[in-house]
Amino acid sequence: MLKDITLGQYFPGNSVAHKLDPRTKLILVVVYIAALFLAKWFVSYALMAAVLIACVTISRVPPRSLVRGLKPVLFIIAFTAILNLFYTPGTEIWRWWIFKITIEGIETAFFMMLRITMLIMGTFLLTYTTSPIRLTDGLESLLGPLKKIHVPVHELSMMMSIALRFIPTLIEETDKIMSAQKARGADFETGNILQRAKAMIPLLVPLFISAFRRADELAVAMECRCYHGGQGRTKLHPLRYQRRDVVTMLLGAAVLGAVIALRSFGL
């Protein structure tokens, strides 16, 4: 299960998606999420699915990596679908005790599962095709106007980037600790939910110690390199919008406009 968590991983490549300005990709992710939540019926979701498939094809990211990344959140997707299935009012077709299934509930549950799935897969493409350094630069540039009201934009961007960067590292460390505990006779796969949760407690202490040690090493390394925040810093590769960024943002705006138009027609 831990190996299926792919959030924060970066797949180096030379595709158009990799070459896009990180600011463009961040804006497109926001547009994609807005369009996904505005989608209303099958036609709108079919359009968003086609957009997602096109983005995955262009990025050349292995589709199985996206599918594997869904495994840790399958419970959340299923739980959300069940809640919408049994507790959405409408035309009732089945009832037992406090549970009932309506036609509207089936539709809502289906679209909710589809929406969450495409939302996760679409946002994962951002980290798959953008290195942590460029992601930090893009966030800092987009949030630049907040510096006028003394918001520590550079520090916030750096923290978010470091958090994403160390997710795979912590997952790998957790997997190593679990393997070591299993070699000593620990059992993480049998028993009920409470027993499994209790068996995970011995993992917390070494994991926290490892995380704090890595944080301390990172802080020392940054101090040795005379890091003092964003003040006076220059960039080796300044961000510049190119023609492909403008074309891509226009296409994103067109998709958002199409979804809004389809929503007005109930599609």
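Patches here are built from residues with over 30% relative accessible area and no salt bridge, joining like charges within 9 Å and nonpolar side chains (Val, Leu, Ile, Met, Phe, Trp, Tyr) within 5 Å. A salt bridge means a side-chain nitrogen of Lys or Arg within 4 Å of a carboxyl oxygen of Asp or Glu, and accessible areas are Shrake-Rupley values with a 1.4 Å probe, where for residues only the protein chains shown count as cover. The model is predicted, so local features need pLDDT of at least 70 and side-chain atom pairs pLDDT 80 or more, while totals for chains, interfaces and linings use all residues. Numbering runs from 1 along each chain as its sequence is written, and side-chain values use heavy atoms, leaving out hydrogens and water.

One nonpolar patch on the surface adds up to about 1,400 Å² of accessible area, with Phe 75, Tyr 87, Trp 94, Trp 97, Ile 98 and Ile 106 among its members. Helix H5 (74-87), strand E1 (92-96) and helix H6 (103-129) each give two or more residues; helices (H or I, at least four residues) and strands (E, at least two) are DSSP runs numbered from the N terminus. H5 supplies the largest share, five residues.

E1 pairs with E2 in the antiparallel sense over four bridges (pairing takes at least two DSSP bridges), and Trp 94 has Ile 101 in E2 as its bridge partner. Two residues sit between the strands of this hairpin, where Trp 97 takes a positive phi near 55°. Ile 98 belongs to the loop between E1 and strand E2 (99-102).
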